[in-house]
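Colleague: Could you take me through how to read a pocket and its ligand in a model of this kind, and then the backbone features that deserve a second look?

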Amino acid sequence: MIQKIRIPAFLAMVGGSLLLLESVAAKPAADRAAYEEVIVPILRAKCYQCHADAAENPSGKKKIKGQLVLTTLEAIRKGGDEAPAAVAGNVEESIMIERIMLPHDDDEHMPPEGKPQIEEHELKVLEWWIKAELPVGKSMKDAGAPADIIAAAGKIPSDEEVKNKLAQFFAEVGASAAKLAAARQALEGPISQVAESFPNAIGFVSQQDSDLTFTAVSMRKDFKDEDLAKLSPVSGGLVGINLGATSITDAGAANLSKMPRLKRLWLNGTGITDAGLEAIKGLNDLEYLNLYGTEVTDAGLSKLSGLKNLKKLYLWQTKVTPGAVEQFKKSVQGCDVNMGIKSE
Ligand code: HEC
């Protein structure tokens, strides 16, 4: 089962900054065709992704939001659901400009928040082009562009460069999506194996990754040491495991050392003691650890002093003393240790 994978916003930002490396086109800006060689590269870089059919869309997939196509002059003049995107000679009535000018957090702002944005020099050129009555097939010079507009146009990469960078960007996005899909698919067998014993207890953390999380909470005391061993098919993929209030003891906890990627671990209300923490002390990615209501003592806590990534540690109703916590905090700086109501 291959899920639809969204392009993470940060990748889109990387794409944007790639496009900012504006190596200036060889042709003098005054000689560049106003629409074909100046406006098109702007719209291709910032808008086509959501306003073009498959052939012109940098993603290779048809996406025409708001019924608006921005890849031909006719389509731009016709506009989408609302009104013409550009009206010759009338910037005020051209809703593409209106949308670009809206505050970034406005739902109607274009391009949507998190996507590569229109920059000032690009906006200047777009506005000029509309005022100049949408010239097509004319050079900047012949369309009457003044010096400052020609200078702004000179900062816009050629359409060829934009195409190449977008192709590279979407190839990377495609490759990472394929990699993710393969990683998820490889886990399907192991997941169903585990799910046979424990239905609804195992799953991916999110649709955007291949990390796994397991929870035994609904099984409570029925979940025993030997059950933990049954997670071995997925132990390398687990980043979270909730064993709170189960029958886990030190014997079972030994299996935790085979889950090196664990970030979040709940052992609250279990039979774990200082001895069981041996299995945890090497889990260097651990960020959250809940030992609330266990028999853990100062000696156990001292075993955890190498867990430098720990941000949150619950020790309420354990045998740990405030002095030991002070000591621990010197080793694991920035860790928030919760000792219950009377803590700090
Ligand atoms: C990431 C996707 C995305 C990008 C990139 C994007 N848009 Fe949009 N656009 C949308 C969506 C979604 C809608 C429909 C919802 C709405 O009207 O806000 C829309 C609607 C519009 C509309 C209103 C159309 C109508 O008549 O209703 C305009 C105008 C517009 N976009 C212009 C632009 C311009 C110009 C750019 C580039 C500078 C751009 N968009 C980039 C997603 C995008």
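Modeller: A molecule is said to sit in a pocket if more than half of its atoms lie within 2 Å of the grid points of that pocket. The model here is a predicted one, and by that criterion the ligand sits in the second largest pocket.

Colleague: How much space lies in the second largest pocket, and which residues are the closest to its centre?

Modeller: Rolling a probe the size of a water molecule over the atoms shows where empty space is left. In this model the second largest pocket holds about 470 Å³ of space; it is lined by 25 residues, of which His51, Lys65, Leu68, Arg99 and Met110 are the closest to the centre.

Colleague: Which helices each supply at least two residues of that lining, and how does the lining divide by class?

Modeller: Helix 2 (34-46) and helix 4 (95-101) each supply at least two residues, with the largest share, 4 residues, coming from helix 4. By class, the lining of the second largest pocket consists of 15 nonpolar, 4 polar and 6 charged residues.

Colleague: Turning to the ligand itself, how many residues surround it, and which are the closest?

Modeller: The shell around the ligand is made of 20 residues, and the closest are Cys47, Cys50, His51, Glu82 and Met110. Helix 4 gives the most to this shell, with 3 residues, while the division by class is 11 nonpolar, 3 polar and 6 charged.

Colleague: Which polar backbone atoms lie at short range from an oxygen atom of the ligand?

Modeller: For Glu82, a polar backbone atom is 2.8 Å from an oxygen atom of the ligand, and for Asp81 the corresponding distance is 3.2 Å. A backbone N or O atom of Gly80 lies 3.5 Å from a ligand oxygen, a value to be read against the cut-off for a polar contact, which is within 3.5 Å.

Colleague: And where should I look for backbone geometry that departs from the usual pattern?

Modeller: Most residues other than glycine have a negative phi, and most peptide bonds are trans. Here a cis peptide bond joins Met110 and Pro111, with omega about -15°, and Pro111 is placed in the loop between helix 4 and helix 5 (120-131). Arg220, a residue other than glycine, has a positive phi near 40°, and is found in the loop between strand 4 (212-215) and helix 8 (225-229).

Colleague: Finally, what does the domain assignment give for the protein?

Modeller: The assignment gives domain 1 (9-172) and domain 2 (198-338), and the centres of these domains, taken over C-alpha atoms, are separated by 52 Å.

Note on methods:
Residues numbered from 1 in each chain as written. Predicted model: local features only at pLDDT ≥ 70, side-chain atom pairs only at ≥ 80, totals over all residues. Heavy atoms only, no water. 1 Å grid on protein atoms, 1.4 Å probe; cavity = no way out; pocket = protein on both sides within 12 Å on 5 of 7 lines; lining within 4 Å. Points joined across faces, edges and corners; volume = space filled by probe spheres on them. Nonpolar A, V, L, I, M, F, W, Y, C, P; charged D, E, K, R; others polar. Near = heavy atom within 4 Å. Polar contact = N/O pair within 3.5 Å; in protein donor to acceptor, adjacent residues only side chain to side chain. Domains from an automatic or database assignment.
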